[in-house]
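Grab a pencil and work through a few packing and burial exercises. Each one comes with a solution to check yourself against.

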Amino acid sequence: MTAYDYDLFVIGAGSGGVRAARIAAGYGARVAVAEEYRVGGTCVIRGCVPKKLLVYASHMAEEFEDAAGFGWQAGQAAVDWATLRDNVQNEVARLNGLYIQTLDKAGVDILPHRATFLDAHTLQVGDRQITARTILIATGARPAMPDCEGEALGFTSNEAFHLDTLPRRMIIAGGGYISTEFAGIFHGLGVEVTNLYRGDLILKGWDRDIRERIQAAYAAKGVRFHLNTVFRKIERQGETLLAHLKDGTTLETDAIMYAIGRKPNTRGLGLEAAGVTLGENEAVAVNAASQTNVPHIYAVGDVTDRVQLTPWRSGRDMPLPTPCSAASPGWPPMTPSRPPCSASRRPPASA
Ligand SMILES: Cc1cc2nc3c(=O)[nH]c(=O)nc-3n(C[C@H](O)[C@H](O)[C@H](O)COP(=O)(O)OP(=O)(O)OC[C@H]3O[C@@H](n4cnc5c(N)ncnc54)[C@H](O)[C@@H]3O)c2cc1C
């Protein structure tokens, strides 16, 4: 029988990978996880967690406004972005440390490198070649960029958490929950926000009455909407960015953020060498048990492009790797229905 270095090798220490690694190690499997950036993945490092902290910060603008009516005498309220940004990053660093501790305690080997397939059982991890009986692809997704000239002048949610200063004006492109949340965040922090969206009503796929209410409430608060168009070209003119749109309009702004979707992280993973096939949108194709066409290779999370939300990653679509699955025959299979979800908006759709 072939001796493998590990029973389970997990590529990517995000919501899906960390949980799978920890649980499998708890069943006695020899587990390693490779992470090319920071343990915790998108949700903890540059997604849900820092986003939520910024949402809290942005809410405070309204509290200050209301305070005077309740007799509070506060001076002119102003946000110090550098303090907010750095404190958010301190919290992210704390959680990153806790995730590392959790994996350490579970006996999972953490390899701080990019992993790529050399064949169906062998991975190149840093300068090592490592073999595993079962492999889990949990590499997540990355923000999509627009296809237009000058697109490098804008940034994505990855960079939004690290801005040097808050711009005076900002275009946020996209109509999903991430663009909506960031429009609320930056507007709350005092930025003049224009939400550019290719459709006519944001939050496609959500209940229509909620979408209408949120868009109207945002507009009433002062978020501008520029709808039914996309970028044609972006250029810099001195300190200003000019966003030339396909509807013929040109918008002047100081910063542009793209939140126009996320692409599964499958490029350069060596999936061809492993024989793993892709589905639509460059996602790893999996069956209901999160198994790829190569029986001992599984994939969970955003890399499968099913529902791009954390709880889905860390619980519902997590396979238990062989030999652990035999120990847990009742493990819930992935069900392809949509889980409940929410977006952190200001103003909220309901109280
Ligand atoms: C701004 C933002 C806000 C969000 N807010 C919410 C929210 O409020 N609620 C919610 O449920 N979801 C939210 N999400 C979505 C959530 O973050 C993702 O669904 C979840 O993190 C996906 O988990 P994952 O394990 O599939 O991938 P990730 O968490 O992205 O983890 C993948 C990891 O793999 C690593 N990696 C990639 N390739 C390799 C490689 N070859 N070798 C080694 N490591 C590799 C990456 O560095 C990354 O750490 C948000 C996302 C964003 C971007």
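The exercises below go from the whole chain to helix pairs and then to single residues.

A quick note before starting: this is a predicted model, where local features need pLDDT of at least 70, side-chain atom pairs count only at pLDDT 80 or more, and totals for chains, interfaces and linings use all residues. Residue numbers start from 1 along each chain as its sequence is written.

**Exercise 1. Sketch the chain as a whole.**

Step 1: start with secondary structure. The chain has nine helices and 17 strands, taken as DSSP runs numbered from the N terminus (helices H or I, at least four residues; strands E, at least two).

Step 2: turn to burial. Of the 351 residues, 40% count as buried. A residue is buried if 20 or more other C-beta atoms lie within 10 Å of its own, exposed if 12 or fewer, and partly exposed in between, with C-beta atoms placed from the backbone.

Step 3: look at contacts, meaning C-beta atoms, placed from the backbone, within 7 Å. Among contacts with a separation of 6 or more, 67% join residues 24 or more positions apart.

**Exercise 2. Describe how helix 1 packs on helix 4.**

Step 1: recall that two packed helices are described by the angle between their axes and the distance between the axes. The axes are lines fitted to C-alpha atoms, for helices over the stretch in contact, and angles run from 0 to 180 degrees between N-to-C directions.

Step 2: get the geometry. Helix 1 (residues 15–26) and helix 4 (residues 81–106) pack at about 25°, with axes 9 Å apart. So helix 1 is roughly parallel to helix 4; the cut-offs are under 35 degrees for roughly parallel, over 145 for roughly antiparallel, 65 to 115 for roughly perpendicular, and oblique for the rest.

Step 3: list the partners. Val18, Ala21, Arg22, Ala25 and Gly26 of helix 1 meet Tyr99, Thr102, Leu103 and Ala106 of helix 4. Sorted by class, that contact holds six nonpolar, two polar and one charged residues. Here Ala, Val, Leu, Ile, Met, Phe, Trp, Tyr, Cys and Pro are nonpolar, Asp, Glu, Lys and Arg are charged, and the others, Gly among them, are polar.

**Exercise 3. Do the same for helix 3 and helix 4.**

Step 1: helix 3 and helix 4 pack at about 145°, their axes 10 Å apart.

Step 2: in helix 3, Val49, Pro50, Leu53, Leu54 and Ala57 meet Leu84, Val88, Glu91, Val92 and Leu95 in helix 4. By class, this contact has nine nonpolar, no polar and one charged residues.

Step 3: find the buried residues of helix 3. They are Pro50, Lys51, Leu54 and Ser58, and they pack against helix 2 (41–46), helix 4 and helix 6 (177–188).

**Exercise 4. Place Phe182 and find its contacts.**

Step 1: Phe182 sits in helix 6 and is buried, because 24 other C-beta atoms lie within 10 Å.

Step 2: skip neighbours within four places in sequence, and Phe182 touches Ser157, Ala160, Ile172, Met257 and Ala259. Its C-alpha atom is also 8.8 Å from that of Leu54, 128 residues away along the chain.

**Exercise 5. Is Ser290 buried or exposed?**

Step 1: find Ser290 in the loop between helix 8 and strand 17; this non-glycine residue has a positive phi near 65°.

Step 2: count neighbours. Ser290 has 24 other C-beta atoms within 10 Å, so Ser290 is buried.

Technical notes
Two residues are in contact if their C-beta atoms, placed from the backbone, lie within 7 Å.
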